[in-house]
Amino acid sequence: MNDPITAFLSARGLSSGAVDVDATLARFRHEMARGLAGTPVSLPMIPAYIGIDRPVPVGRPAIVLDAGGTNLRAALVSFDASGKPRMEKFSKIPMPGANGAHATAEMFYNTLAELLAPLLPEAEDIGFCFSYPAEITPDCDARLMCWTKNIDIPEMVGTLVGEGLSNALKKAGRGAKRITLLNDTVATLLAGKSAGISRRYSNYVGLILGTGSNTAYVAPHATILKVPGLPAGGAMAINVESGGFAGIPQTEFDRVFDTTTTNPGAYTFEKMIAGAYLGGLGRAVLQAAASRGFFSPPAARALLDCAALPNMDLDEFCANPFTSFGALAKMPFNDDDRRAAMALCKPVFERAAILAAVNIAAAVLQTGDGADPLHPVAVTIDGSTYYRTKAVNLKSLVEQHLREMLNKRGVHVELLQVEDAPVIGAAVAGLTR
Ligand code: BGC
């Protein structure tokens, strides 16, 4: 017999058992293949126009700009003869438009130009890691398709981000640079390649599971049917934009939460697994339970009045229900309320772990590589949600689910972590263009 909370969640489709792993994996792969062939599906499958085989020049610096969901970072990066990166003049400011802040295109580019100003005399190449869905042009500019992670600067949608930066630099009298735009998953993949140079991997996957989530892998030109005329025999990175996957049925909690986001109906997969959203999703679960009598009256009132629940607060509470940190810690909970809140929210994180594993497995299997244990597929993973979630040990859950999926298919992977992977990979891209 289920306890009342498990029964309440299961009746609404929120339990790890509710995910049919094999069927979801098959749907994911099918959607990836169709996207790469040019069929309009929920996975954009964006060619990056970046190969992975060019040698990285030794001792030449690149300027790196990294626009993520929370921070905007800049640095100067060069590599020594062993491929070891050296990062200098690092600086970090909040990403314009993050956390509900108002921003315009002009503010965005001026902020970028100011951050870059001290680095500009030092190098000719800019590797610009732009962590949003963007169509990449053959000369490595990026046309923003839509915003994610609750950032909203509408006038930038449909425009070229590299061109915008270049214009802002010229306006500030700072001259022309060669700018290479790439997604953070592609950068992470490249960072894994350059860190694991001595190991002979058969293919490379990049995964981000942080504020947002996404995957990239390397596909032979022959399989990129949506771009005719690519040179035979080559290969390039593909940004899957896996957060857009529409093949997972939304529960009523997902639907309620989705209406509170800046892009309802879009990126429903990302909203089930990434840090920008897990707190809001947990809030939807807690409020539904509060209105059905799962909490004491004062706790229920406090939960129903809660206007926003950052993932950090929810995660911290689930890991330590007596924490003094965050919105839930301030609520008038008795111990039964604490037990109920934990039991209601842990499944949110457990489902995220299974879905993230399916996402990685789909990318690995689409490479068609990894059958030979001598040459596993290198999966480089970056992101705070993956490494730092405490409510459940998300990293080890993902690994466990992933092994289950891949072992029975005879596919070998090695999971890599590279410090500052998006920054390092953006430097590689800028220098090897
Ligand atoms: C964006 C992706 C990005 C991912 C991880 C998503 O919201 O759409 O382009 O790679 O976040 O940062």
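Throughout these legends, a residue is buried under 20% relative accessible area, exposed over 50%, and partly exposed in between (1.4 Å probe, protein chains only). The structure is a predicted model, in which local features need pLDDT of at least 70 and side-chain atom pairs count only at pLDDT 80 or more, while totals for chains, interfaces and linings use all residues. Residues are numbered from 1 along each chain as its sequence is written, and side-chain values use heavy atoms, with hydrogens and water left out.

**Figure 1. Surroundings of Asn359 in helix α11.** Asn359 belongs to helix α11; helices (H or I, at least four residues) and strands (E, at least two) are DSSP runs, numbered from the N terminus. With a relative accessible area of 1%, Asn359 is buried. Contact is taken as heavy atoms within 4.5 Å. When neighbours within four places in sequence are set aside, Asn359 is in contact with Phe28, Leu207, Ser213, Thr215, Ser242, Phe269 and Ile273. Ser213, one of these contacts, also appears in the cavity lining of Figure 3.

**Figure 2. The largest nonpolar core and a second, separate one.** A nonpolar core is a set of buried Ala, Val, Leu, Ile, Met, Phe, Trp, Tyr and Cys residues joined through side-chain atoms within 4.5 Å. The largest core comprises 85 residues, of which Met32, Tyr217, Leu286, Phe295, Leu328, Leu344 and Val364 touch the most other members. Helix α11 (residues 335-367) supplies the largest share of this core, 19 residues. Around Leu344, residues up to four places away in sequence not being counted, the contacts are Ile5, Phe8, Leu9, Val285, Leu286, Ala289 and Phe295. Among these partners of Leu344 are Leu286 and Phe295, which are also listed with the residues that touch the most other core members. A second core, separate from the largest, has 38 residues, including Ala74, Leu115, Ala134 and Ile151.

**Figure 3. The two largest cavities and their linings.** On a 1 Å grid over the protein atoms alone, a cavity is a set of points where a 1.4 Å probe fits but cannot get out, and lining residues have an atom within 4 Å of a point. Grid points are joined across faces, edges and corners, and a volume is the space filled by probe spheres set on the points. Three cavities of 30 Å³ or more are found when the whole structure is searched. The largest has a volume of about 80 Å³. It is lined by 13 residues, the closest to its centre being Ser131, Lys149, Ser213, Asn214 and Glu270. Its lining consists of three nonpolar, six polar and four charged residues; here Ala, Val, Leu, Ile, Met, Phe, Trp, Tyr, Cys and Pro count as nonpolar, Asp, Glu, Lys and Arg as charged, and the others, Gly among them, as polar. The second largest cavity holds about 40 Å³ of space. Ile46, Ala48, Ile136, Leu181, Leu182, Asn183, Val186 and Asn239 line this second cavity, and by class they are six nonpolar, two polar and no charged residues.

**Figure 4. Cysteines without disulfides.** The structure holds zero disulfides, a disulfide being a pair of cysteine sulfur atoms within 2.5 Å. The sulfur of Cys146 has its closest cysteine sulfur in Cys129, at 16 Å, which is too far for a bond. Cys146 is partly exposed, at 26% relative accessibility. For Cys345, the closest cysteine sulfur lies in Cys318 at 5.0 Å, also too far for a bond. Cys345 is buried, at 0% relative accessibility.

**Figure 5. Two loop residues with positive phi.** Most residues other than glycine have a negative phi. Asn99, in the loop between β4 (85-94) and α3 (105-116), has a positive phi near 55°. This residue is exposed, at 77% relative accessibility. Cys140, in the loop between β6 (134-136) and β7 (142-144), has a positive phi near 65°. Cys140 is buried, with a relative accessible area of 1%.

**Figure 6. Gly13 and Met331, each in a loop between helices.** Gly13 is placed between α1 (4-11) and α2 (21-36), and its relative accessible area of 31% makes it partly exposed. Its C-alpha atom is separated by 8.4 Å from that of Gln250, 237 residues apart along the chain. Residues up to four places away in sequence not being counted, Gly13 touches Ala18 and Thr251. Met331 occupies the loop between α10 (311-319) and α11, and is buried at 11% relative accessibility. The C-alpha atoms of Met331 and Leu189, 142 residues apart along the chain, are separated by 42 Å. With residues up to four places away again left out, Met331 touches Ala302, Leu303 and Cys306.

Technical notes:
On a 1 Å grid over the protein atoms alone, a cavity is a set of points where a 1.4 Å probe fits but cannot get out, and a pocket is an open set with protein on both sides within 12 Å along at least five of seven lines; lining residues have an atom within 4 Å of a point.
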